[in-house]
Amino acid sequence: MNTTIKNRVGDQTTSFSTDSRRGFLRGMFVSVAAASVLAPIKLKADDAAILEEAEWGVKLGYPTNKHPYGIPSPYEHNNVRRVTELLSSGDMYASVAMSPLHEQEGIITPNGLFFNRSHGGTAVVDPDKYRLMIHGLVEKPLVLTLAQLKRYPSESRIHFIECPANGSTGWRGPQFNNLQFMKGMMSSAEWTGVKLSVVLADLGLKPKAKWMLAEGSDNSEMGRTIPIEKVLDDAMLVWGQNGEALRPDQGYPVRLLVPGWEGNLNVKWLKRLEFGEEPWHAKEETSKYTMLQPSGKGIRFFWPMEVNSIITSPCPEKPWTDLKKGDMVEIQGLAWSGQGTIKAVDLSLDGGKNWQEISLKGLILPKSWTRFSYMMKWEGKPLLLSSRAIDDAGNVQPTINQEVAKVGVESVYHRNSICTWEVKANGEVNNVHVRG
Amino acid sequence: MFMSEVKIPVIGTLLALSIAVSSAMAGDKIQKNVDGALIYPIKNNSYQGYAVNPQKTNGFNHGRAPTTAEIKAWDIDVMPDGTGLPEGKGSVEQGDELYTAQCAMCHGDFGMGGKGYPTLSGGEGTLKNQLVNPEAGDEPPSRTIGSYWPYASTLYWYVQSAMPFPNPKSLTNDETYALVAYMLSINEIQIDGEDLDDDYVLDRAKFLKIKMPNEDGFYPEVNGDVGSKEMSKYLNNADNFGQGTRCMKDCGDTPIVKIAYELNDFHPTPSTAKGLPKEKEGEEISEAQKIYEATCSACHANAAIGAPVVGDKEAWDTLLKEKGIEEIYKNGIDGINAMPPKGGNMDLSDEKTKIVIDYMIQAK
């Protein structure tokens, strides 16, 4: 076979007779090109990435049947979830894998990067043996197979799910110098399933039913109590995540979705819903997911995730060290509220002394991540970048002092105070706390 | 259903909130749910921008009723009033034995923790602690079964359905009673004024008398007729847990706290580099190969030593025919002539040595 490789530098065309020699000869071109970089002015700014044929352009790519289930580019190998023993209860089975928010675009997390918190490992449920039982104070108790559940009319909604312990290492002061571990206990997806109110309209709730127990079928049989008001408003039984079946890490084949509420309440590998008159007081709503106050008393049943925001670019992982003075640059980030829809985001360049309302961008949906954006000229002067979110339910993201004054530093959960990045003159970014 | 209806003018009195709510909602009554979240109505077949199919969505006939046996099999939760608590009994002493055999390796002796897994005892009197400054000697609160858990029902239910961690749902009712008795005893909890000594036998009737020390340590009230009402009041007022203000100019000083103790035990190591990782060397290498390389290859890769050379099929085949595998194992373990026992590495078990020998025989 005859192969032609064009050397664009010399505008010459050279032909080689065999494929097998190509590697060797291409090696020669590289050295030629490298040598010419050292030679006079003309070639100095020429970019080898343009002047030389790209390696992927002179051979066949991989065939369409190589990856029946597509995978990311091998060059994206660092875009992965990460763990730390600090946030585990002994081992990686009762632990959390943090989502790489610094690499995420838009308001949807790719399924493989969705944060994963479990209390007894990820269960791998056989869909043919899957059963959902609904019983207790309902007129018509029910057992459904997966196929039967999917016969209900479905809806798709974009919602974030956030663990209420997200940001919890910051109660006493800044401790992590990266976005992934500061805020990576959240992710977002388009979920598909049936509204619980639709299923319940058929089963008939008994008037005394005030609470619902949702229980998982995994090792930990994680269960939580949910008030009927939420069940009938927007709770869903979901089986779809970004257009495909839920991932095992997110509860395959069925999880409960309680939009905007503590991640833990979105029970995975869902097995049983029981309706009753009293709350159950499961382990995850007594021992954990309660907020100890300075009074020594704990707040329980704190369901919603409060209004919150974080600047995702720049961040410690994605600094401005490559910028030159005078470059235009976008500051962007995520705002969200479990109590409504993002209404506005304010930005401060001086750590919260002065604020300005900035732009939202993209879809603005209830209980969903919402992107914000601000263009500025980088002058190489130190900045303190803070964002403050406001939702349509009337909540304003508090300062650290405002929050700590109310709940102390031992709440563990539900920390939503304003975050600040220190941008240094050289473009480096660090996590700092403003305690003004 | 309890939902608070709030009219705009009421909210508007709060400076910070008026900005947030006025535009889209002007004139509308906003309805908030138990959690303080807005309830969005479906209007013109649209839910906040999502189109909604307006056709009737009931009248389905999917699934079937569960049988009594099925409900019994799955409905094993235990509620604070004792609903769901089965009959059974077990002593503190039996619980101690079970605990030592099945739990102590993770939760520590007497539930004292120290192994990274949750601590199951102690912590009385620490709930008001606020660890603000470790250098000033501040101590954190310790939230354990004894100091924090409001109900013993949770303990029975959780242990029977989720513990022991690697082998859950394996404890009988009697064993669970015994373990609960033991865990209460290490927390010095009394039942009906009685200490839980070794021979104390916990059964259903006694269980129902347990009052956990921190039963009243939580708010808002959610039990009984109160239901979600108190919770709703609490969550509908962000002042309870930290409401911000929308100050825009000269909002005060901004002293900065930097990271004092950076936590950075992350796996995999953080990086945003795009370059392809180097072929991971040695990833495919089996343990046998590693041991061979560390201990045996010094002699067995080198014909000069007089040891059968790894990769020399003929040499090993001849040995196998002459002596048989058992004899070869034995010589490898006990040594023969210049071949030291286990190649000189006495830390190797006989089993491991055999595996390494297998590797050496098969290696190409």
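**Exercise 1. A network of salt bridges**

Task: In this predicted model, find which residues are linked with A:Arg272 in a network of salt bridges.

Solution.
- Step 1. The network links A:Glu215, A:Arg272, A:Glu274, B:Asp75 and B:Asp77.
- Step 2. One pair in it can be given a distance: A:Arg272 forms a salt bridge with B:Asp77, and their closest N and O atoms are 2.6 Å apart.
- Step 3. The general background is that side chains of opposite charge can pair when their charged atoms come close.

**Exercise 2. The contact of chain A and chain B**

Task: Describe the contact between chain A and chain B by residues, buried area and polar pairs.

Solution.
- Step 1. Chain A gives 135 residues to the contact, and chain B gives 119 residues.
- Step 2. About 11000 Å² is buried between the two chains, with 56% of this area coming from carbon and sulfur atoms.
- Step 3. Between chain A and chain B there are 9 salt bridges.
- Step 4. Residue pairs in polar contact, both at pLDDT 80 or more, number 63 between these chains.
- Step 5. On the side of chain A that touches chain B, the residues are 50 nonpolar, 41 polar and 44 charged.

**Exercise 3. A salt bridge between chains**

Task: State where B:Glu221 and A:Arg300 lie, and decide for each residue whether it is buried or partly exposed.

Solution.
- Step 1. The two side chains meet in a salt bridge, at 3.7 Å from N to O.
- Step 2. B:Glu221 sits in the loop between β7 (218–219) and α9 (229–235) of chain B, while A:Arg300 sits in the loop between β16 (298–299) and β17 (308–313) of chain A, so this pair joins two chains.
- Step 3. The relative accessible area of B:Glu221 is 37%, so B:Glu221 is partly exposed.
- Step 4. A residue counts as buried under 20%; A:Arg300 has 4% relative accessibility and so is buried.

**Exercise 4. Two salt bridges in chain B**

Task: Take the pairs B:Glu215 with B:Lys211 and B:Asp350 with B:Lys342, and classify each residue by accessibility.

Solution.
- Step 1. In the salt bridge of B:Glu215 and B:Lys211, the closest N and O atoms are 3.7 Å apart.
- Step 2. B:Glu215 is partly exposed at 26%, and B:Lys211 is partly exposed at 48%.
- Step 3. The side chains of B:Asp350 and B:Lys342 meet at 2.7 Å, N to O.
- Step 4. B:Asp350 is partly exposed at 39%, whereas B:Lys342 is buried at 11%.
- Step 5. Over all chains, the whole structure has 35 salt bridges.

**Exercise 5. Two domains of chain A**

Task: Describe how domain 2 of chain A and domain 3 of chain A meet.

Solution.
- Step 1. Chain A is divided into domain 1 (4–57), domain 2 (82–289) and domain 3 (308–432).
- Step 2. The centres of domain 2 and domain 3, taken over C-alpha atoms, are 27 Å apart.
- Step 3. In the contact, 40 residues of domain 2 meet 37 residues of domain 3.
- Step 4. The two domains bury about 3100 Å² between them, 60% of it on carbon and sulfur atoms.
- Step 5. A:Ile107, A:Phe160 and A:Trp171 supply 25% of the area that domain 2 buries against domain 3, more than any other three residues.
- Step 6. Across this interface there are 3 salt bridges.

Definitions and conventions: Residues are numbered from 1 along each chain as its sequence is written. Chains are lettered from A and ligands numbered from 1 in the order in which they are written. This is a predicted model: local features need pLDDT of at least 70, side-chain atom pairs count only at pLDDT 80 or more; totals for chains, interfaces and linings use all residues. Side-chain values use heavy atoms; hydrogens and water are left out. Domain bounds come from an automatic or database domain assignment. Contact means heavy atoms within 4.5 Å. Buried area is the accessible area (1.4 Å probe) that two parts lose on being put together, summed over both. A salt bridge is a side-chain nitrogen of Lys or Arg within 4 Å of a carboxyl oxygen of Asp or Glu. Helices (H or I, at least four residues) and strands (E, at least two) are DSSP runs, numbered from the N terminus. Buried means under 20% relative accessible area, exposed over 50%, partly exposed in between (1.4 Å probe, protein chains only). A polar contact is a pair of N or O atoms within 3.5 Å; within protein, one must be able to donate a hydrogen and the other to accept it, and residues adjacent in sequence count only if both atoms are side-chain atoms. Ala, Val, Leu, Ile, Met, Phe, Trp, Tyr, Cys and Pro count as nonpolar, Asp, Glu, Lys and Arg as charged, and the others, Gly among them, as polar.
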